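The following paragraphs lead the reader through a structure step by step. Please keep the sequence and the model at hand while reading.

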Amino acid sequence: MSVPGYENQVEFGTMFTFAYPVEGHADGEVAVSTTRPETMLGDVAIAVHPDDPRYQALHGRRCRHPFTNRLLPIITDSVVDMELGTGAVKVTPAHDFVDFHLSQRHSLPRPSVIGGDGTMEPLCGAWLEGVKRFDARQLVVDALVEKKLFRGKKNHAMSLPICSRSGDIIEPLLKKQWFVRCNTMAQKAIQAVEDGQLEIIPHHYTKTWKNWLSNISDWCISRQLLWGHRIPAYQVELPDSTPKEQELWVWGRSEAEARQRAAVKYGLNPEDITMRQDPDVLDTWFSSALFPFAMLGWPEKTSDLQHFYPNSVLETGSDLIFFWVARMVMLGSELTGQLPFKQVLFHSLVRDKYGRKMSKSLGNVIDPLDVIHGVSLKRLEEKVKEGNLDPREQLVAMEAQRKDYPNGIPPCGTDALRFALCSHRMQGEDISLSVSQVLSCRHFCNKMWQTLRFTLGVLGDKTMPVETLEKTAPLGSMERWICSRLYSTVLQCEEAFEAYELHLVTSALYSFWVHNLCDVYLEYIKPVLLKDDGGAEVPADRSSKQVASAVLYHCVSSSLALLSPFMPFITEELWQRLQPFRPEAQAQASLCLQPYPTSRHLTHWYFPEVERDFLLVQDIIRTARSLRAQCGLTKEKPVMWAVCSPSQAQTLLRFDSALLTLSRISSLQIYCPDQGGSPPSVHSTPPPTGCFIGVVDHTCQLHLHIRSGVDTDKQIQHLSQRREKLLPKLEENLGRLQCPNSRTKIPAHIREQLQSKVSALKEELKTVEDQIKVLQEKQSAG
């Protein structure tokens, strides 16, 4: 392959084998294999496995280096792979990571033979000095052939470290570095988690934490970069010192401070000392580890440091658990005596919609700005071409973009993107993000705008402030229900925030706004608070309307406050439009300055029995709408009968207006087969025969009586379609109930739910078939 600085291509992926003569044995030799024969000038030993029978007789012997005449001891170490090459390994500590650790264990010298510019050092001899390393490779091989020590070469798969910026081959070199001893600090960090002083969320990362810190090495903090915090270490040269003397170092915040420190340490005048600051800069992670307290003025005891340190929680990616988090904990504890934070929350990795890690070469990188502002397919392809991808990778990336974004990315806005990301479970699961999910959150933003327009229409042109939340007491059943749902939602948010389960917060807020506030409450109050098509106001008690308006205001205002951390821009805009109607006691300039809603301020709005009763009402509404759709009565408001128990009848009577409005029926006649304990307003006679029946549960049914003149064919068609939908549902639940896999045991409560569902489906299916039969008989008779 081509290497910068070389005219000809350089050969890689080759294993060279040559021999070292054994000292004192005329024909004895040890053959070693390497992919980098140019480094053999820096060999200081030959390592073999202690259990390798081929070299048992050579343990402790020495070999003669053919070029430097150096004697190389034959050492034993279990790190040697007997199956690789000849089983004997040349040891070059200054140019190989494994060999460096071998030299530490066996106290071997570490001569460097390749310089920082990639040329051979004078130690190699005049014949190689100044020669480029890969040119020297061939010269060394030729010299070994000449000395009859070359034993051949063969293809060998290998990993080649290549610099991503220059394209050059990375060469391991031995350089003096500054290190931080970490053993004691690491043990303190482990103990902090075990003692509960530091909580890691999700908790399964505590095992990773302990594994990392239990096997920690000294931390190299030197970096040979042009930018960064310069290491505050100064090398001292004393008068009359010689180059071979041990290096002397002092530290200081400035050269003047370091010079003064050196003068005191060595008993000299500051002017007589020559100093040179280390050119290296600190590892970025070292500088970052100081951040929690250095940003607050440390080492000075500033008011910010005393007030804000330690922090409460750190939120970051799990891939930084060792590089950043552990080092912040170690340095924070060591330098301040306190942990920098009490909790660490690890978020998920954002992947594409297929679960793949985002990569430029795959073309699946989602730029947040493109999602916020929108971008055309043409611009997406231009951005790929502007990058540094290989032409073949560009084609792959652009093909992926054409597949995923044939029409580009529509503008979704910041709030929609934030809400979509927070809607995913962030603890322990990666986020598979698709633009369609963000687009659905944009639709939610549209829903919020529509809700506010309706609310402003209800509040009217007058800017009279509504009653405060504390003074607003819901009167009607529906007001109690929506207020109680708001309380329950706030409670859900509090619990989920406490556990850092943001997806549960977003789910609860979305469900309340869309399914409770819009789908139910707004649809209920429209005919009550707004005018009908003829312009006349629907009759309603004035005080009830005022309470309903106040309830609506507080539900919308509180929901905007709840959503504000996730969608700060749209919530601020909508909240500002509500301000002319705000209570006098709540005058704030911005939503972000409002106190966040809490359940303790809404306890007077909690009506658990109303929420429980309304579940039955919602089931009846769904069944009524289904019956109307089956019979093709999408525009008419028919009369329906409810056959139910006395307790259910009382619930239906409490929510009678909501049932009529949301079910779109003209009236609901209630009949209780068991007349004992029935409310006085229920009917004593059952519904007429020949009705269409919808099953709500095992004690409640809805009966729809069709007036004559309705298209029979259309009714039969709707009922047949309903039957076709019920059959696969029944088969699916029967299959789950029968459970053909005998090793799987269905829990009792699940089995009970399945049995109840199967019974309801069978009953509904029988009702539909009976209705079809009745209609067919009428059709034949007609």
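A disulfide is a pair of cysteine sulfur atoms within 2.5 Å. With that cut-off in mind, one may turn to this model, which is predicted, and ask how many disulfides the structure holds. The structure holds zero disulfides. The pair C483 and C555 illustrates the point. The sulfur of C483 has its closest cysteine sulfur in C555, at 5.1 Å, and this is too far for a bond because a disulfide requires the two sulfur atoms to lie within 2.5 Å. Seen from the other side, the closest cysteine sulfur to that of C555 is the one in C483, again 5.1 Å away. C483 is buried, with a relative accessible area of 0%, and C555 is likewise buried, at 0% relative accessibility.

Before going further, the confidence of the prediction deserves attention. The protein chain has a mean pLDDT of 87, and 93% of its residues reach 70 or more. Two stretches stay under 50. One covers residues 531-539, for which the model has seven contacts beyond four places in sequence. The other covers residues 740-744, with two contacts beyond four places in sequence. Where pLDDT is low, the predicted coordinates should not be read in detail.

The helices may be considered next, beginning with α4 and α9. Helix α4 spans residues 205-214 and helix α9 spans residues 321-336; their axes come within 11 Å and cross at roughly 75°. The two helices are therefore roughly perpendicular to each other. On the side of α4, the contact is made by Y205, T208, W209, W212 and L213, and on the side of α9 by I321, F322, V325, A326, V329 and M330. Sorted by class, this contact has ten nonpolar residues, one polar residue and no charged residues.

Which residues of α9 are buried? They are I321, F322, W324, V325, A326, R327, M328, V329, M330, L331 and G332. Just after α9, G337 takes a positive phi of about 80°.

Two residues of α9 also appear in the surroundings of a strand residue, T316. T316 belongs to strand β16, which covers residues 311-317, and T316 is buried, with a relative accessible area of 5%. Leaving out residues up to four places away in sequence, T316 touches W324, V325, L345, F346 and H347.

A second strand residue, V236, can be described in a similar way. V236 is placed in strand β12, residues 233-237, and counts as buried at 5% relative accessibility. V236 and V250 are 14 residues apart in sequence, while their C-alpha atoms are 7.2 Å apart in space. Beyond neighbours within four places in sequence, V236 is in contact with L248, V250, A262, Y266, I273, T274 and M275.

Another pair of helices is formed by α19 and α20. Helix α19 (residues 608-630) and helix α20 (residues 646-654) have axes that come within 10 Å and cross at roughly 80°. This crossing makes α19 roughly perpendicular to α20. In the contact, D613, L616, V617 and I620 of α19 meet Q648, T651, L652 and R654 of α20. By class, the contact has four nonpolar, two polar and two charged residues.

The backbone holds some further features to note. Most residues other than glycine have a negative phi, and most peptide bonds are trans. Against that background, the bond joining I201 and P202 is a cis peptide bond, with omega about 0°. P202 lies in the loop between β9 (199-201) and α4. The peptide bond from W298 to P299 is also cis, with omega near 15°, and P299 is located in the loop between α7 (291-294) and α8 (303-308).

Positive phi values are found in N69 and Y500. N69 has a phi of about 65° although it is not a glycine, and N69 sits in the loop between β4 (62-64) and β5 (71-76). Y500, a residue other than glycine, has a phi near 60° and is placed in the loop between α15 (477-498) and α16 (502-529).

Are these loop residues buried or exposed? N69 is exposed, with a relative accessible area of 51%, whereas Y500 is buried, with a relative accessible area of 18%.

Conventions. Residues are numbered from 1 along each chain as its sequence is written. This is a predicted model: local features need pLDDT of at least 70, side-chain atom pairs count only at pLDDT 80 or more; totals for chains, interfaces and linings use all residues. Side-chain values use heavy atoms; hydrogens and water are left out. Axes are lines fitted to C-alpha atoms, for helices over the stretch in contact, and angles run from 0 to 180 degrees between N-to-C directions. Helices (H or I, at least four residues) and strands (E, at least two) are DSSP runs, numbered from the N terminus. Angles under 35 degrees count as roughly parallel, over 145 as roughly antiparallel, 65 to 115 as roughly perpendicular and the rest as oblique. Contact means heavy atoms within 4.5 Å. Ala, Val, Leu, Ile, Met, Phe, Trp, Tyr, Cys and Pro count as nonpolar, Asp, Glu, Lys and Arg as charged, and the others, Gly among them, as polar. pLDDT is the predictor's confidence in each residue, from 0 to 100. Buried means under 20% relative accessible area, exposed over 50%, partly exposed in between (1.4 Å probe, protein chains only).
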